[in-house]
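The following exercises concern strand pairing and cysteine chemistry. Each is stated as a task and then solved step by step.

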Amino acid sequence: MTQAEIKLCSLLLQEHFGEIVEKIGTYLIRTGTQPLRMIVNDTGLSLDQVKKALCVLIQHNLVTYQLQKRGFVEYEAQCKRVLRILRYPRYIYTAKTLYNDTGELIVEELLLNGKMTMSAVVRKVADRLTETMEDGKTMDYADVSSTFVRLADTHFVQRCPLVPEAAETPEVPPPPAPTLVINEKDMYAVPKLNLVGKGKRRRSCDEDENHEHKAKKHKKDGEDAEPPPDDGIYWQVNIDRFHQHFRDQGIVSAVANRMDQTSSEIVRTMLRMSEVTTSSSAPYTQPLSSNEIFRSLPAGYNIVKQVLDQYLTLLADDPLEFVGKSGDSGGGMYTFEDFMGFLALSHFSLPIPIHWFNYFSLPLRFGSRCARIFRLLLRKKHLEQKQVEDFAMIPAKEAKDMLYKMLSENFVSLQEIPKTPDHAPSRTFYLYTVNILSSARMLLHRCYKSVANLIERRQYETKENKRLLEKSQRVEAILASMQATGAEDVQLQEIEEMITAPERQQLENLKRNVNKIDASENQVDETIFVLESFIESTLKKP
Amino acid sequence: MAGRGGRGRGRGQMTFNVEAVGIAKGDALPPPTLQPSPLFPPLESRPAPLPGGEELEYMLALKQELRGAMKNLPYFVKPGAPRRDIERYSDKYQVSSPIDSAIDWSPDWRRLPRELRIRVRRLRPGPPHAPPAAALLPKCKQRLALDKEEAIKKLESLEKKEEEVTSEEEEKEEEEEGKEEEEEEYDEEEHEEETDYIMSYFDNGEDFGADSDDNMDEAVY
C-alpha cells in the first residue's frame with residue numbers, strides 16, 4: 001500500500017465513520033493482519049472503542065477476520081474496498097438508471113448499512129418511498145421485493161457468506177469466531193419470503209408521540225418476538241458487477257466516439273451476450289458467432305446481415321485490435337479482447353481533449369502537442385529523437401523540450417540499443433518509448449494523491465467557515481419553526497436579515513467551492529476506475 | 001560521478017553521446033537544480049473546466065447527502081465526551097453523550113468473533129410496572145461503580161429510543177446470561193424517583209451568556 005493510498009483511505013474513513021474507526025482502520029491498513037490485543041496496545045484506544053470500531057468495519061466489509069490455527073482471531077483491513085467508498089454515488093446512480101428509484105434506494109440502504117437482510121431492506125425502502133409519495137399513498141412491499149429480486153438476478157446484490165450450521169454437541173464450545181462460507185450457486189438465491197405490507201409514513205407532528213406509537217406498533221406486530229423468516233441471510237452490494245457495468249458502458253461510448261452509433265450498438269450487444277458467460281475479471285470474452293450477434297441485436301435495429309458483417313470486419317480490422325476474428329464458423333467468430341487495454345488506450349488516444357483527466361495528466365499539463373508525441377510513441381512503440389520530430393511535425397527544439405519534460409516525469413523512457421558489444425555510448429541507439437503499464441501506475445498514484453488533496457482542501461474550507469455555517473443553520477431552523485407557527489412576512493424578513501450580505505456572499509462562495517471540489521472528486525474517481533481496471537487486467541493474463 | 005572527470009573542460013562530459021539524444025553542440029542546458037521543487041509550482045496551463053450535466057450534478061448531490069447521512073448513522077463512532085475538569089453535581093442528572101462502550105445498533109453477534117462482543121447487562125426484571133429498559137454496558141467488573149452513574153444518564157436517552165431493541169435483547173439475554181443479572185442489584189426505579197424534576201427541563205446555567213445576544217432562539221425553560 002502506497003502512502004498515497006493509505007492517506008486517502010484514512011481520510012475516507014474519517015469522513016464517513018469518525019476518528020476512532022479511522023484510527024483503527026488506518027492502523028490495520030498500515031501494519032497488516034493483527035489480533036485484537038495488538039490493536040488495543042498500538043493504537044492506545046480503549047478496548048471497548050476498538051471493539052466497537054471493529055464491529056462497524058466488519059459490518060461494512062472493510063475488515064475481515066480469520067480464525068488462526070492456534071485459536072486466536074486476526075483482523076485484516078481491505079484497503080481497496082475502503083477506496084470504493086469514493087464510488088458509492090456512482091453505484092447508487094447506476095442503480096437508479098437501471099431500476100428506478102426503488103433500485104436506487106435499495107442499493108443506497110445496502111451501502112449505508114453494509115449488510116442487511118432482505119426483509120429489513122424491503123421494509124426500510126418501502127418506508128422511505130412512502131415518505132416521498134403524496135398523502136394517502138403508500139408503497140407496497142411487493143413492489144420493492146420484486147425490484148430486489150431483479151437486482152439479485154442480475155447479480156448486482158449478492159448474499160454474504162453464512163455462518164455454517166452448527167451441528168456441535170453442547171460439550172464442544174463454539175469456536176471463538178465463526179468461519180463464514182458461501183456456496184457459488186447460493187450467492188444470488190433469494191429466499192422465499194412472504195413479505196406483506198405497505199410502507200409506513202412517519203407523521204411529521206409530535207416526534208415523541210410517534211416514537212411511542214412506533215414502539216407499541218412493533219410490540220403488537222410481534223416482530224421482536226420471533227426472528228424474521230430470513231434471519232441470518234444477509235445481502236451486500238456486489239461491487240464487481242457494478243464495475244463490469246461501468247466497463248461495458250465505457251467501452252460502448254468509446255466505440256461510439258471512435259466509430260459511430262451503430263457499431264457501438266453492436267458492441268453493446270456483444271457485451272451483453274457475454275455478461276453471463278464471462279466472469280468480470282476475464283481479459284477477453286468467449287467467441288461469439290456473427291449469427292448469434294445478429295439474432296441478439298435489439299429489436300428496433302434493422303440492419304441487414306451483410307451490413308452487420310461489414311461492421312464486424314471493420315471492428316476487427318481496427319488498429320487498436322480490440323475485436324479479434326477467430327474463425328469462420330457461424331459466419332465468423334468474434335471475440336472482444338483486451339477490454340481494459342482498449343479502454344485505456346482509447347482514453348489516451350482520443351483527439352478530443354480528455355478534460356476529465358485531472359490536471360496532472362498529459363495533455364493539460366504539457367499541452368496538446370506533448371499529447372501528440374505521446375500518442376505517436378504509443379503507436380510506433382520506439383522512436384529515435386529525430387524520428388519523433390519528423391513524425392510529430394514539431395520543430396526540433398520544442399520536441400526536445402517536451403520529450404525531456406516527459407522523461408523527467410517518467411511518462412516516456414529511454415531504451416538503449418547497443419550496436420557494439422561494448423555498449424559504447426557513441427555507437428548506441430537511444431530510443432524513446434512509452435511503457436503504458438508504468439505510466440498507468442504512475443498516473444493512478446497521482447490520482448490517489450489528488451483526491452486526498454481535494455478532500456483535505458474541502459475539509460479545510462468547511463472548517464474555516466464553521467462559525468458562519470452554524471449561524472446560517474440556526475437561522476434556517478428559526479425560520480422554519482416560525483413559518484410553521486405562522487409568522488408574518490415582516491418577522492421572517494427580520495430574521496433573514498440576521499445574515500448580512502457579505503456573509504451571504506461568503507456562504508455562496510463556500511458552497512460553490514465545496515461543490516466544485518466534490519465534483520472533481522467524482523471525476524478523478526472515474527479516472528481511478530479506468531486505470532485500476534486496466535492495471536488489474538494486465539495482472540490477470542492467463 | 002564518472003562524467004565529472006573533466007573539471008572545467010567544456011561543459012560537462014556525459015557518459016553517452018549527447019548528440020544522439022538531441023543536445024547539439026553549443027546548446028544551452030537548463031541550470032542545475034539546487035533545491036527541491038516548489039510545493040505549489042505555478043500552473044503552466046489552466047485545467048479545463050469541469051464537465052457539467054444532469055448526471056454529474058445528481059451524483060454530486062448524492063455524494064453530499066451520503067456524507068451527511070453517514071454522520072447520523074450509528075456507525076459513525078463519536079468519541080466519548082471528555083471528562084470535565086471537576087465533577088459537578090449536575091453531571092449526575094445530565095443526559096450525556098453516548099458512552100464509549102455502548103453500541104447503538106445491534107450487529108448479528110453470530111457472525112462476529114466472540115471477543116468483539118460487548119456484553120449487555122440486564123437489570124433484574126423488576127416488578128411489572130417498572131419500565132423494562134436495559135442499558136448496554138460492558139462486562140468489566142472494575143467499571144461497576146462508574147457504570148451505575150453512567151447507566152442512569154444513559155437510561156433517559158435510551159429508554160425512549162431503544163425500547164424495541166432492548167425488548168429483543170431481553171429475551172435473548174435472559175436465557176443466556178441469567179447469572180449476570182445477580183451482579184446488578186440496584187433498583188433503577190428508585191433512582192428515577194429521586195428527583196421530581198423532568199431531566200430535559202433542567203438547565204444548569206452553563207449555556208447562559210455563551211449565546212450571542214442577537215440570538216432569538218426560543219427560550220429554554
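Strands (E, at least two residues) and helices (H or I, at least four) are DSSP runs, numbered from the N terminus; two strands pair if DSSP finds at least two bridges between them. This is a predicted model, in which local features need pLDDT of at least 70, side-chain atom pairs count only at pLDDT 80 or more, and totals for chains, interfaces and linings use all residues. Residues are numbered from 1 along each chain, chains are lettered from A, and side-chain values use heavy atoms, without hydrogens and water.

**Exercise 1.** Determine the strand order of the open sheet in chain A and which strands stand at its edges.

*Solution.*
1. The order is S4-S6-S5 (chain A), with antiparallel pairing.
2. S4 (116–117) and S5 (157–159) of chain A each have a single partner strand, so one side of each lacks a neighbour in the sheet.
3. Two antiparallel bridges join S4(A) to S6 (residues 234–237) of chain A; A:Met116 has A:Trp235 in S6(A) as its bridge partner.
4. Helix H6 (residues 88–113) of chain A packs on the sheet, touching S4, S5 and S6 of chain A (contact: heavy atoms within 4.5 Å).

**Exercise 2.** Establish how many disulfides (cysteine sulfur pairs within 2.5 Å) the whole structure contains, and whether A:Cys160 is buried or exposed.

*Solution.*
1. The search over all chains returns zero disulfides.
2. For A:Cys160, the nearest cysteine sulfur belongs to A:Cys55, 15 Å away.
3. A:Cys160 has a relative accessible area of 1% and is therefore buried (under 20%; exposed is over 50%, partly exposed in between; 1.4 Å probe, protein chains only).

Conventions:
Axes are lines fitted to C-alpha atoms, for helices over the stretch in contact, and angles run from 0 to 180 degrees between N-to-C directions.
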